[in-house]
Amino acid sequence: MSEQPELTVQGWGPGGASEAPDLAAVLPKAARRHLARELGWTPRPTPPVAVDEIRLPPSRLPADVHAELVALLGEDHVRTDRDARLRRAGGRSYTDLLRRRAGDASGAPDAVVLPGGTAQTAALLALCSERGVLVVPFGGGTSVVGGLAGADPDDRPSLAVDLARMASLADVDVASSLVTVGPGMRGPALEAALAPHALALGHLPQSWEFATVGGYAATRSAGQASTGVGRFDDLVAGLTLATPSGVLELGHPPASAAGPDLLGLALGSEGAFGVVTELRLRVRPAPRAARYEGWSFRSWADGLAGLQRLARHDLLPDVVRLSDPDETRATLLNAGGTGARLLRGALRARGRGGGCLLVVGWEGLAPLVRARRGAARPVLREHGAVPIGRRVGESWRRHRYAAPYLRDRLMDAGLLVETLETAATWTDLPAVYDAVRAALRASLGREGRQPLVMSHVSHGYPTGASLYVTVLADRDDALPLQQWLTAKRAATDALLAAGGTLTHHHAVGADHRPWLEREVGPLGVEVLRAVKQRLDPRGVCNPGVLLPDREGFS
Ligand SMILES: Cc1cc2nc3c(=O)[nH]c(=O)nc-3n(C[C@H](O)[C@H](O)[C@H](O)COP(=O)(O)OP(=O)(O)OC[C@H]3O[C@@H](n4cnc5c(N)ncnc54)[C@H](O)[C@@H]3O)c2cc1C
């Protein structure tokens with residue numbers, strides 16, 4: 001179906017779970033012991049059911065609609081086979097994976113369709129609107145907020161609209177630093193296509209290997225270098241949105257004052273207003289120099305103060321990742337072997353046992369990298385940070401996409417593993433951090449056992465920063481979904497009450513929509529509903545995401 005490798009159905013990466021190594025092969029003994037001690041976890045095999053045993057309901061797509069779709073898109077581009085539907089049965093959150101690992105693919109689309117361009121997509125949307133068939137745009141399938149759930153109160157049949165056929169670089173305007181790209185293009189393919197022009201996009205989320213540019217725009221993604229290159233919102237100069245009511249061309253580079261910016265309505269719309277069929281992206285010259293290194297702060301408070309000071313003076317590096325003491329400790333244990341010895345040695349040599357690890361990276365022209373680094377270092381030192389060397393930074397850079405592979409192995413051994421994220425002003429960030437930790441610990445702690453709650457800041461702004469939280473706990477094998485949903489609800493309530501945003505970069509999806517009104521207010525929700533009503537009058541565009549149910553949420 002696609003020339004790009006497809007994600008495995010029950011986890012991360014192109015391989016099958018059965019080919020995977022066990023946890024002992026990928027996590028050092030010291031780290032396994034640490035987890036067992038902290039969490040009260042007894043490692044036990046909890047493998048996923050075989051893919052052949054996953055229960056997939058029969059397709060409900062009416063025969064006449066199937067025939068119309070074939071007439072529009074061609075036989076090869078309308079698929080109802082098991083493999084195609086299973087591979088698009090939701091995203092990659094912990095709860096998505098729990099369900100498919102347990103053999104439940106009940107949210108799978110009834111068919112998968114692959115339009116070949118804007119005109120075909122617009123015709124497809126008009127047809128689906130008329131025939132009452134849901135359309136759920138499918139990019140890389142890496143949503144972690146239930147963005148691909150395909151839920152519908154009216155239980156209408158649904159199509160996954162896979163953008164894989166629209167995955168090429170259509171135009172390069174070097175003088176304007178603009179490129180035109182199909183929505184199905186993934187990060188590695190795009191960077192490879194830009195390289196001959198000595199250009200780069202530089203958007204590097206941890207899901208980079210599989211996520212698509214259309215998905216980035218639809219979710220307002222942020223990448224690991226977003227502090228420097230900007231969030232994906234900042235990289236979109238314009239886009240084409242096909243809707244059931246027609247096609248919108250949005251954005252006018254380099255800038256325009258022609259009324260409110262309608263481009264902002266498409267960014268973050270998560271397929272609820274239509275399908276992004278083309279993007280005009282801002283690119284930059286491929287960096288000529290890069291410098292990554294590690295620093296150690298005595299405490300989380302010192303680390304935050306140091307980053308805040310850099311941010312105020314516009315001195316933040318392109319990549320900034322400050323780990324709290326729990327994440328720093330886990331990083332030290334996970335490094336294992338030579339890596340861990342080097343890191344511990346570097347810390348000891350500077351009189352630090354643990355503290356908070358900071359990884360920073362600068363990229364660009366060599367003199368600028370030197371100058372920016374030179375200006376940032378004294379500020380870090382003033383806040384008590386000590387440099388611990390390039391190897392630490394380079395090691396992080398080498399392993400920056402590894403964590404999701406490890407998550408599968410942790411799940412195989414009886415662990416709950418999930419992440420959540422938010423952002424807050426520098427003033428509110430410490431309270432948000434405390435509140436989220438307390439809520440997760442209260443919800444997931446039992447019989448004297450505590451979850452491991454590890455946090456880092458990875459995106460800095462002059463006004464504040466993001467907070468990314470990874471949670472590990474002994475899984476409740478009897479009620480694993482409820483265990484996490486209860487904790488997630490507690491954490492979300494807590495972070496909103498403390499002043500955090502509902503989401504800094506994962507989007508709203510199905511999972512966060514009950515809280516959207518708390519973020520944008522009742523009138524804000526009504527404005528979004530009015531836009532949807534105009535663009536998608538029959539409500540066929542991904543109705544399970546973004547907008548809360550009408551009954552509201554207490
Ligand atoms: C292991 C892992 C690491 C991650 N790391 C990051 C990270 O560092 N930063 C970050 O921001 N996110 C991260 N994510 C979340 C996810 O990768 C992003 O939300 C990403 O932008 C989704 O892209 P996708 O192509 O996979 O979209 P999908 O998952 O396929 O879709 C996401 C949503 O967008 C809609 N959509 C997709 N394509 C289009 C389109 N062309 N038009 C309209 N709507 C569309 C879908 O219907 C869905 O609602 C991570 C996820 C995982 C599993």
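This report looks at a few helices of a predicted model and at two of its single residues.

**Two helices and their buried sides**

Helix 7, which spans residues 187–194, has Gly187, Leu190 and Leu194 as its buried residues. These buried residues cover an arc of only 70° around the axis, and this puts them on the same side of helix 7. On the other side of helix 7, Pro188 and Ala192 are exposed. A general rule helps in reading such a pattern: an α-helix has 3.6 residues a turn, so residues three or four places apart point the same way. What do the buried residues of helix 7 pack against? Their partners are strand 5 (169–173), strand 6 (178–181), strand 7 (199–200) and helix 8 (213–219).

Helix 16, made up of residues 390–398, has Val392, Gly393, Ser395 and Trp396 as its buried residues. When one looks down the axis of helix 16, these residues fall within an arc of 160°, so they line one face of the helix.

**A pair of helices in contact**

Helix 18 (residues 429–444) and helix 19 (residues 480–497) have axes that come within 8 Å and cross at roughly 155°. The two helices are therefore roughly antiparallel to each other, since angles over 145 degrees count as such. The crossing in which helix 18 passes helix 19 is right-handed. Which residues meet here? From helix 18 they include Val432, Ala435, Val436 and Leu440, while helix 19 contributes residues including Thr486, Ala487, Ala490 and Leu495. The residues of this contact divide into 14 nonpolar, two polar and no charged.

**Two single residues**

Val247 lies in strand 9, which covers residues 246–250, whereas Ser168 is found in the loop between strand 4 (158–162) and strand 5. Are these residues buried, exposed or partly exposed? Val247 counts as partly exposed because it has 15 C-beta neighbours inside 10 Å, and Ser168, with 13 such neighbours inside 10 Å, also counts as partly exposed. If neighbours within four places in sequence are left aside, Val247 is in contact with Thr118, Ala122, Thr240 and Ala242, and Ser168, with residues up to four places away not counted, touches Gly182 and Met185.

The table sets separation along the chain beside separation in space, taken from C-alpha to C-alpha, for one pair with each of these residues.

| Pair | Apart in sequence | Apart in space |
|---|---|---|
| Val247 and Glu278 | 31 residues | 11 Å |
| Ser168 and Pro57 | 111 residues | 34 Å |

Technical notes
Residues numbered from 1 in each chain as written. Predicted model: local features only at pLDDT ≥ 70, side-chain atom pairs only at ≥ 80, totals over all residues. Buried ≥ 20, exposed ≤ 12 C-beta atoms within 10 Å, placed from the backbone. Helix = DSSP H or I, 4+ residues; strand = E, 2+ residues; numbered from the N terminus. Arc of directions from axis to C-beta. Axes fitted to C-alpha atoms, helices over the stretch in contact; angles between N-to-C directions. Parallel < 35°, antiparallel > 145°, perpendicular 65-115°, else oblique. Left-handed = near helix turned anticlockwise from the far one by under 90°. Contact = placed C-beta atoms within 7 Å. Nonpolar A, V, L, I, M, F, W, Y, C, P; charged D, E, K, R; others polar.
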